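User: I should like to learn how to read helices and their packing in a structural model. Please take me through the general ideas and then the case at hand.

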Amino acid sequence: HGWAGASASKADAVVAHTLLSHVSDPGEVLRNLRQLVRTGGQLIIVDGDYAGLTYLYELDPGLEQRMNLALAASVFCQPGVVRMLPTLLPGCGWAVERVQGTCVAEV
């Protein structure tokens with residue numbers, strides 16, 4: 001396993017921007033990133049809680065719910081991955097140093 005072509009030198013930091021929600025096995029990605037970053041280096045994850053993503057359709061609440069689930073499933077492999085990170089990261093060799101959340105709402 002591991003990523004082909006990875007340099008023998010290790011990175012000080014890696015940014016995973018909206019990556020983990022789009023892969024089928026985020027644990028494998030996190031383990032591979034752990035191999036690429038030096039001891040004491042940082043992993044910066046920027047991703048969304050897409051399992052909570054909703055689109056309002058007041059005319060038919062049942063359709064709204066089905067549409068929300070279908071849209072999340074069609075765009076994201078792991079829409080709820082950010083909810084799994086507190087358990088997933090330590091299991092892949094990462095220590096959680098800081099967590100920061102931001103809410104984005106578009107009306």
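Analyst: The discussion below treats one helix first and then a pair of helices. This is a predicted model, in which local features need pLDDT of at least 70, side-chain atom pairs count only at pLDDT 80 or more, and totals for chains, interfaces and linings use all residues. Residues are numbered from 1 along each chain as its sequence is written, and side-chain values use heavy atoms, with hydrogens and water left out.

User: Which residues of α2 are buried?

Analyst: An α-helix has 3.6 residues a turn, so residues three or four places apart point the same way. In α2 (residues 61-75), the buried residues are E64, N68 and A72; buried denotes under 20% relative accessible area and exposed over 50%, with a 1.4 Å probe and protein chains only. Viewed down the axis of α2, its buried residues fall within an arc of 60° (taken from the directions from the helix axis to the C-beta atoms), so they line one face of the helix. R66, L69, A73 and S74 are exposed on the other side of α2.

User: How do α1 and α3 pack, and at what angle?

Analyst: Two packed helices are described by the angle between their axes and the distance between the axes. Helix α1 (residues 26-36) and helix α3 (residues 81-91) pack at an angle of about 50°, with their axes 11 Å apart. They are therefore oblique to each other, a class for angles that are not under 35 degrees, over 145 or 65 to 115. P26, G27 and L30 in α1 meet V81, M84, L85, L88 and L89 in α3, contact being heavy atoms within 4.5 Å.

Methods. Helix = DSSP H or I, 4+ residues; strand = E, 2+ residues; numbered from the N terminus. Expected span 1.5 Å × (residues − 1). Axes fitted to C-alpha atoms, helices over the stretch in contact; angles between N-to-C directions.
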